[in-house]
Amino acid sequence: MTDPGPDPGPDPGPDCGPPAAWHRNAGRCVLLDGFHALKHALRFGAEVPVAVTSDRAGALALAGELAPDVREVLAGLLTEVSREVYASLVARPHPTAVAALAVRPSRAAGLEALARTPRRAPVVVLDQPRNLGNAGAVIRLAAGFGATGVVTTGTLDPWHPTVVRGGAGLHFATVVERLEVAGLPPGPLFALDPEGEDIRGLELPDDALLAFGSERSGLTPELRARADRLVALPMRPQVSSYNLATSVAMTLYHWSAGGGAPRVP
């Protein structure tokens, strides 16, 4: 009789394993698409119930090179699956062949953080943004500058998968919420508008709300009425506008020049 070898254990069956865990958690979680999104989310305390890759050795080598601070956590978290299984879990497979699900932070905790005063950094307000990728880029910028949070008004969901992809997992490094204009957190509101005062002559306080309209329509009348000051970025005549993320970057840099942003090590 042939020795069958070590007992492989019970058959995990269709209700176990990474795909089943993925589907169990998908409803309460957001997709972290790619190695860098997972890396950033872990650095800022995200709860990640499941993470998969079709190339575990490659992902851990990448972590060793670019993110040694999270390599050990990734080694315990990442489960290798076949390319077919990986592709079945994500709509657009990422070049790093990594995907994970992270629990969305508590809305109540986010609102509390936005309302807490005094603030040490501004809140960025996107007034009825339209482009999902631009919203993600703004969240990435806000996280980099240490902003208190990013608030959107209107119908765009700032936790939409495309926004999270554009934010590279940095939704977990700052507060991200959607609010009505009437429900914006306290603080002086500086709204970007071509008719405003030149930003170079102003000092933006740490507790400011920095509001940006959509590239097509600008500020809504409701937000314009709520603004304490209109602020303009320097722009050559006959140039219509800047990209939304560019405008946010210029404004946050101006604020940071006053000493409020995190210092480069």
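Let's start with the aromatic rings: the count of aromatic pairs in this predicted model comes to one. The rings belong to Trp159 and Phe172, and with centres 5.6 Å apart and planes at 80°, the pair is edge-to-face. The two partners sit 13 residues apart and link distant parts of the chain. Trp159 lies in the loop between β6 (149–152) and α8 (161–166), while Phe172 lies in the loop between α8 and β7 (175–178). Are these two residues buried or exposed? Trp159 is buried, with a relative accessible area of 5%, and Phe172 also counts as buried, at 11% relative accessibility.

Strand β6 brings us to another residue worth a look, Thr152. With a relative accessibility of 2%, Thr152 counts as buried. Leaving aside residues up to four places away in sequence, Thr152 touches Leu126, Pro129, Pro158, Glu177, Arg178 and Leu179.

From here you can step out to the sheet around β6. It is an open sheet of six strands with parallel pairing, and its order is β7-β6-β5-β9-β8-β10. Why do β7 and β10 (229–232) each have one side left without a neighbour in the sheet? Both stand at the edges and have a single partner strand each, so one side of each stays unpaired within the sheet. From one strand to the next, the twist averages 35°. Inside this sheet, β8 (residues 189–198) and β9 (residues 209–212) run parallel and are joined by three bridges. Phe190 stands opposite Leu210 of β9. Helix α10 (residues 244–256) lies across β5 (123–126), β8 and β9, and runs at about 155° to β9.

Now move to the other sheet. Here four strands form an open sheet in the order β1-β4-β2-β3, and the pairing is mixed. β1 (29–33) and β3 (78–80) are the edge strands, each with a single partner, so one side of each has no neighbour in the sheet. The twist in this sheet averages 25° from one strand to the next. As a reminder, strands of a sheet pair through backbone hydrogen bonds, either parallel or antiparallel. For β2 (residues 50–53) and β4 (residues 98–103), the sense is antiparallel, over four bridges. One residue to find there is Thr53, whose bridge partner in β4 is Val98.

Several helices meet these strands. Helix α3 (residues 56–66) lies across β2, β3 and β4, running at about 150° to β3. Helix α4 (residues 68–77) packs on the sheet too, where it touches β2 and β3, and its direction makes about 45° with that of β3. In helix α1 (residues 17–25), the buried residues are Ala20, Ala21, Trp22 and Asn25. These buried residues of α1 pack against β1, β2, α5 (83–89) and β4.

What about the nonpolar interior? In soluble globular proteins, nonpolar side chains tend to be buried together. The largest nonpolar core here has 52 residues, and those with the most contacts inside it are Leu32, Leu38, Val48, Leu74 and Leu126. Beyond four places in sequence, Leu74 touches Phe35, Leu38, Leu42, Leu60 and Ala63. A second, separate core has 16 residues, including Val175, Leu184, Ala191 and Ala227.

Finally, a word on confidence. The mean pLDDT of the protein chain is 91, and 91% of its residues reach 70 or more. Over residues 1–14, though, pLDDT stays under 50, and the model has one contact beyond four places in sequence for that stretch.

Notes:
Residues numbered from 1 in each chain as written. Heavy atoms only, no water. Pairing = 2+ DSSP bridges. Helix = DSSP H or I, 4+ residues; strand = E, 2+ residues; numbered from the N terminus. Axes fitted to C-alpha atoms, helices over the stretch in contact; angles between N-to-C directions. Contact = heavy atoms within 4.5 Å. pLDDT = per-residue confidence, 0-100. Core = buried A, V, L, I, M, F, W, Y, C linked by side-chain atoms within 4.5 Å. Buried < 20%, exposed > 50% of the residue type's maximum accessible area, 1.4 Å probe, protein only. Phe/Tyr/Trp six-rings, centres within 6.5 Å; stacked < 30°, edge-to-face > 60°.
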